[in-house]
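Trainee: I should like to request a close look at the strands of this protein and at the loops that connect to them.

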Amino acid sequence: MPDYDRILAGHLDALRAEGRYRHFLTLHRQAGEFPKALRADGRPITVWCSNDYLGMGQHPAVREAMIAAIREDGAGAGGTRNISGTGRHHVALEAEMASLHGKEAALVFNSGFAANEATLSTLAKLIPGCTILSDADNHASMIAGIRNGGGPKRIFRHNDLGHLAELLAGLPLEAPKIVAFESVYSMDGDIAPIRQIAELARAHNAMTYIDEVHAVGLYGAGGAGVAARDGVEIDVIEGTLGKAYGVGGGYIAGSRILVDAIRSHAPGFIFSTTLAPAIAAGALASVRHLRASDAERAAHQERARTTRAALRAAGLPVMENPSHIVPVMVGDAALCREASELLAEEHAIYIQPINFPTVPRGTERLRITPTPLHDDAAITHLVEALSAVWSKLGLPRQKQAA
């Protein structure tokens, strides 16, 4: 009989040897105190790597909406959307997301990953002969959806308009096709040339599909994303309710027929128990607040600029980009893990190391995500701590311009 545990343990040992074994840091998030938290043993720590970009997971309006939903609706949805699981909060949330993006309809999923996988795989199956052209740096959920769709695909070099044009030109004009890409790429923080991609797609009769999970709530009027900010029409918009909106879940927005087709055919939607009413209610409150308020977005951009400038002034190797993501390069998996552990143990700062396969080998990094709630003192402490860790590990500094 095969020794199954031994086989699996070998894979885990390989991860450990490469410095890529995943360690989870248990946090006690304290309501109203973000970005401060407590470790499992009660020691305080400041979180610098959360995707709760605006701190909306702590916002009073969001918390109160969730509490009210639990009191009025109970804990769970009670089933799939088709079998007793469609509640008033889910319907209202989908209407709000459609309105936010100026689309006819929207559909809410349990996560952004589920939204991408279910939608892309279902479109590939429903549209005969549809070729999906995918950016090389697309998220794992998009890759999974395209792969699970089983249809033809082409991969274009990251943000390379020339390569995309070449691939599109190689397909019959009348053939169905989808160009799938992201707006803000979460690891490097770069932004796609959305307008040019959309123009290329239209010229070749291709549908456009954009993942805006690291942009919704953060960019554009009311937080509708980078495409909306730039005034570019996209056919299908996918987003999350678990990052800037601070709660959980994912969604797509598009034409009524397209959304209905996904609702009616996608196994990842049909066979999943619905989001709890409290989650839908909290997300709805967050979306509505950020549609009405620009204060959080403005503060977020200012904090990102201030943090990046402070790190750069200290000679730390910050990757430059036009977004709110602040990656600091390490370039070695084991050293990246060690840097993260030193920050936590000696400086009470939590930044998760980012290693392969999330990023290519040799580009391991600490991914910093400033929020409006990281004050000047927190930024100063972060810079001092990173400088101390860089010196202790002998990591290279960035040369300063003369």
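Among contacts in the protein between residues at least 6 apart in sequence, what percentage join residues at least 24 apart? With that settled, please take the strand S5 and its partners as the centre of the account, and then turn to the other sheets and the loops beside them.

Mentor: The model is a predicted one. Of the contacts between residues at least 6 apart in sequence, 71% join residues at least 24 apart.

A brief frame for the strands comes first. The protein has 15 helices and 14 strands. Its radius of gyration is 22 Å, which agrees with the value near 21 Å that a compact globule of 402 residues would have. Along the principal axes, the C-alpha atoms fill a box of roughly 60 × 60 × 55 Å. Buried residues account for 52% of the 402 residues. The accessible surface amounts to about 17400 Å², and 56% of that surface belongs to carbon and sulfur atoms. As for charge, there are 39 positive and 43 negative side chains, with the centres of the two sets 1 Å apart.

Now to the part requested. Strand S5 covers residues 131–135, and 5 of its 5 residues are buried. Thr131, Leu133 and Asp135 point one way from S5, whereas Ile132 and Ser134 point the other way. Residues on both faces of S5 are therefore buried, each with under 20% relative accessible area. The list of buried residues includes Asp135 as well as Ile132 and Leu133.

S5 pairs with S6 and also with S7. With strand S6, residues 153–156, the pairing is parallel and runs over 4 bridges. Within that pairing, Leu133 has Arg154 in S6 as its bridge partner. With S7 the pairing is again in the parallel sense, over 4 bridges. Here Ile132 of S5 stands opposite Ile178 in S7.

From S7 the pairing can be followed to S8. Strand S7, residues 177–182, is joined to S8 by 5 bridges, and the two strands run parallel. One pair of bridge partners consists of Val179 and Thr208, the latter in S8. Strand S8 spans residues 207–211 and is mostly covered, with 4 of its 5 residues buried.

A loop beside S6 also deserves attention. Asn159 is located in the loop between S6 and helix H7, the latter at 161–169. Although Asn159 is not a glycine, its phi is positive, at about 55 degrees.

A separate description is needed for the open sheet of 4 strands, whose order is S1-S2-S3-S12 and whose pairing is mixed. Strand S1 (27–29) and strand S12 (349–350) stand at the edges of this sheet with a single partner strand each, so one side of each has no neighbour in the sheet. Strand S2, residues 36–39, pairs with strand S3, residues 44–47, in the antiparallel sense over 3 bridges. In this pairing Leu38 stands opposite Pro44 in S3.

The loops attached to this sheet hold two backbone features. In the loop between S1 and S2 lies Pro35. The peptide bond that joins Phe34 to Pro35 is cis, with omega about 15 degrees. The other feature is at Ala348, in the loop between helix H14 (333–347) and S12. Ala348 has a positive phi of about 55 degrees although it is not a glycine. At 29% relative accessibility, Ala348 counts as partly exposed, because that class lies between the cut-offs of 20% for buried and 50% for exposed.

There is also an open sheet of 3 strands, in the order S11-S14-S13, with antiparallel pairing. Strand S11 (326–329) and S13 are its edge strands, and each pairs on one side only. Between S13 and S14 the antiparallel pairing extends over 2 bridges. Ile354 stands opposite Arg365 in S14. The loop between strand S13 (353–354) and strand S14 (365–368) contains Pro357. A cis peptide bond joins Phe356 to Pro357, with omega about 10 degrees.

To return to the part requested, S5 pairs in the parallel sense with S6 and in the parallel sense with S7, and 5 of the 5 residues of S5 are buried.

Definitions and conventions:
Residues numbered from 1 in each chain as written. Predicted model: local features only at pLDDT ≥ 70, side-chain atom pairs only at ≥ 80, totals over all residues. Heavy atoms only, no water. Rg over C-alpha atoms; globule rule 2.2 N^0.38 Å. Buried < 20%, exposed > 50% of the residue type's maximum accessible area, 1.4 Å probe, protein only. Contact = heavy atoms within 4.5 Å. Areas by Shrake-Rupley, 256 points an atom, 1.4 Å probe, with all protein chains shown as cover. Lys, Arg positive; Asp, Glu negative; His and termini not counted. Charge placed at Lys NZ, Arg CZ, Asp CG, Glu CD. Pairing = 2+ DSSP bridges.
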